[in-house]
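The following exercises introduce one protein chain. Each task is followed by a solution that proceeds step by step.

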Amino acid sequence: MHASKLLHKWLTLQGKNIGRWLSEVSAERQASDVAAAKLIALTFKDQFKVAATYGLGALTDAVEHAVGPGKVGTVLVRPW
């Protein structure tokens with residue numbers, strides 16, 4: 001993906017560096033973090049308007065959708 005797709009679009013990419021998290025956090029903590037994130041997402045899913053959900057392999061499609069006209073809601077990229 002060309003960087004110009006992200007420039008001047010007021011997009012944010014949020015999260016923790018997964019490589020660093022994997023190397024610095026114990027397996028037990030990783031499992032706990034993932035379980036907590038899933039619980040939060042499932043408990044409060046009605047609080048978020050979702051325009052579309054993409055798998056990690058479709059990141060380019062997700063960015064195209066996020067910057068496209070007429071999008072209402074959040075474009076999600078799920079790692080699973």
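**Exercises on the fold and its contacts**

Of the 80 residues in the protein chain, 11% count as buried, where buried means under 20% relative accessible area, exposed over 50%, and partly exposed in between (1.4 Å probe, protein chains only). The model is predicted: local features need pLDDT of at least 70, side-chain atom pairs count only at pLDDT 80 or more, and totals for chains, interfaces and linings use all residues. Residues are numbered from 1 along each chain as its sequence is written, and side-chain values use heavy atoms, with hydrogens and water left out.

**Exercise 1.** Determine which pattern the protein chain follows along the sequence.

*Solution.* Begin with the inventory: the protein chain has three helices and two strands. These are DSSP runs, numbered from the N terminus (helices H or I, at least four residues; strands E, at least two). Reading along the sequence then gives α-α-β-α-β.

**Exercise 2.** Establish in which sense strands S1 and S2 pair.

*Solution.* Locate the strands first: S1 covers residues 50-55 and S2 covers residues 74-78. They pair in the parallel sense over five bridges; pairing requires that DSSP finds at least two bridges between two strands. Next, identify individual partners: Val50 has Thr74 as its bridge partner in S2, while Thr53 stands opposite Leu76. Finally, add helix H3 (residues 59-67), which together with S1 and S2 makes a right-handed β-α-β unit. Right-handed here means that, with the strands pointing away from the viewer, the path from the first strand over the helix to the second runs clockwise.

**Exercise 3.** Describe the surroundings of Thr53 in strand S1.

*Solution.* Consider exposure first: Thr53 is partly exposed, with a relative accessible area of 41%. Then list its contacts (heavy atoms within 4.5 Å). Not counting residues up to four places away in sequence, Thr53 touches Leu76 and Arg78. Lastly, compare sequence and space: Thr53 and Val75 are 22 residues apart in sequence and 5.9 Å apart in space, C-alpha to C-alpha.

**Exercise 4.** Identify which residues form the largest nonpolar core.

*Solution.* Apply the criterion: a nonpolar core is a set of buried Ala, Val, Leu, Ile, Met, Phe, Trp, Tyr and Cys residues joined through side-chain atoms within 4.5 Å. The largest such set has five residues, namely Ala52, Tyr54, Ala58, Ala62 and Val75. Then examine one member: beyond residues up to four places away in sequence, Ala52 touches His65, Thr74, Val75 and Leu76.

**Exercise 5.** Find which side chains meet in a salt bridge.

*Solution.* A salt bridge is a side-chain nitrogen of Lys or Arg within 4 Å of a carboxyl oxygen of Asp or Glu. A search of the whole structure finds one, between Arg29 and Asp33 (2.8 Å, N to O).
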